[in-house]
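I opened the notebook for a new structure today. My plan was to look up the layout, one helix and the aromatic rings.

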Amino acid sequence: MSDIKKYIEENKDRFLNELFDLIRIPSISSISDHKEDMVRAAEYWKKTILAAGADYAEVSPTKGNPIVYGEKIIDPSLPTVIVYAHYDVMPVDPLDLWKQDDPFEPVIKDGKIWARGADDDKGQGFMHAKAFEYLVKTNQLKCNVKFMIEGEEEIGSPNMGEWCEQNKDRLKGDVILVSDTGMIAADVPSITVGLRGLTYLQVEVTGPNRDLHSGLFGGAVANPINILSNMISSLIDENGRITVPGFYDDVLESSAEEREALNKAPFSEDDYKKAINVEALHGEAGYTTIERTGIRP
Ligand SMILES: [Zn+2]
């Protein structure tokens with residue numbers, strides 16, 4: 001692998017130009033005006049995967065934004081790695097908080113690429129595509145590789161489940177490499193082995209049949225906003241435990257060894273606090289910050 005640095009150096013300008021062209025596509029999944037950009041970004045990914053050396057790639061439709069699928073099978077008896085990434089990005093407003101005129105026009109400053117999508121998730125996905133390209137072009141690929149690049153991650157992947165169900169057979173693999181996780185620090189190589197999910201709920205509290213005058217009704221009728229506030233604040237007790245009955249039934253308990261290993265990761269609570277400008281941290285009693293954000297709900 002000693003020639004990898006040379007390969008990066010020799011191809012650096014091309015890599016950057018290709019990534020920048022992807023970043024320039026404003027593929028904001030939560031704004032319907034960008035429908036065409038979503039397809040453009042998907043097509044760009046298809047082209048990228050094929051140019052990197054895949055045998056096959058397609059832009060596969062869903063009820064929402066398409067999913068890009070590609071593969072290189074060198075030997076069906078070898079392990080298969082599935083690379084997951086997403087080509088959609090978050091909206092860019094408020095625009096005046098950006099330090100550049102156009103969030104979709106990448107700027108290199110202090111050795112970093114600044115633009116919407118540069119780090120979530122076009123940059124990481126691209127890095128894996130280029131690692132794949134390097135392995136293919138230098139005949140060093142030792143496994144099968146499949147790519148699955150979706151376009152609705154930022155809106156909760158509403159159509160990915162169905163697509164995976166429909167494409168179960170070709171999604172068979174041994175490992176999923178998610179190109180969408182973080183690092184402990186820029187100089188600490190990190191492997192994320194699990195991710196937490198999200199739950200969204202909508203609660204509606206209804207009250208009297210009209211606006212009530214405080215002088216006539218105040219103190220005699222419950223105010224829905226107070227009831228709702230009580231409901232929300234009672235979801236977590238004073239020890240940071242979630243109070244919903246049954247909530248912890250499916251929560252995996254990490255072993256003492258796992259917790260010990262997790263806490264060995266170089267993590268500075270002081271730097272963490274400083275980075276977000278808070279004086280104290282808060283969370284479930286009995287767990288460290290790295291556990292609270294990594295293995296606890
Ligand atoms: Zn992401």
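My entries follow in the order I looked things up.

**Layout.** I am working with a predicted model. I found two domains listed: domain 1 covers 4-178, and domain 2 covers 247-294. I looked up the gap between their centres, taken over C-alpha atoms, and got 30 Å.

**Helix α3.** I checked the length of α3 (residues 122-137) next. With 16 residues at 1.5 Å a residue, I expected a span of 22 Å, and the end C-alpha atoms are 22 Å apart, so the two agree.

Then I asked how many of the residues of α3 are buried. I counted 12 of the 16, so the helix is largely enclosed by the rest of the structure. Among them are F126, H128, F132, Y134 and V136. Charged names turn up in the list too, including K122, K130 and E133.

What do these buried residues pack against? I noted the helices α1 (4-23) and α2 (35-52), plus the strands β2 (67-72), β3 (80-86), β6 (144-150) and β7 (175-178). Just after α3, I saw that N139 takes a positive phi of about 55 degrees.

**Rings.** I found 6 aromatic pairs in the structure. One of them joins F247 and Y248 edge-to-face, at 5.3 Å centre to centre with 80 degrees between the planes. F247 is partly exposed at 34% relative accessible area, whereas Y248 is buried at 15%. Y134 of α3 came up again: ring pairs link Y7, F15 and Y134 into a cluster.

**Charges over rings.** The charged end of R241 sits over the ring of Y248, 3.9 Å from its centre. I also logged R170, which lies over the face of Y69 at 4.2 Å from the ring centre.

How values were computed:
Residues are numbered from 1 along each chain as its sequence is written. This is a predicted model: local features need pLDDT of at least 70, side-chain atom pairs count only at pLDDT 80 or more; totals for chains, interfaces and linings use all residues. Side-chain values use heavy atoms; hydrogens and water are left out. Domain bounds come from an automatic or database domain assignment. Helices (H or I, at least four residues) and strands (E, at least two) are DSSP runs, numbered from the N terminus. The expected span of a helix is 1.5 Å times one less than its number of residues. Buried means under 20% relative accessible area, exposed over 50%, partly exposed in between (1.4 Å probe, protein chains only). Contact means heavy atoms within 4.5 Å. Rings of Phe, Tyr and Trp (its six-membered ring) pair if their centres lie within 6.5 Å; planes under 30 degrees apart count as stacked, over 60 as edge-to-face and the rest as tilted. A charge sits over a ring if NZ of Lys or CZ of Arg is within 6 Å of the ring centre and within 35 degrees of the ring normal.
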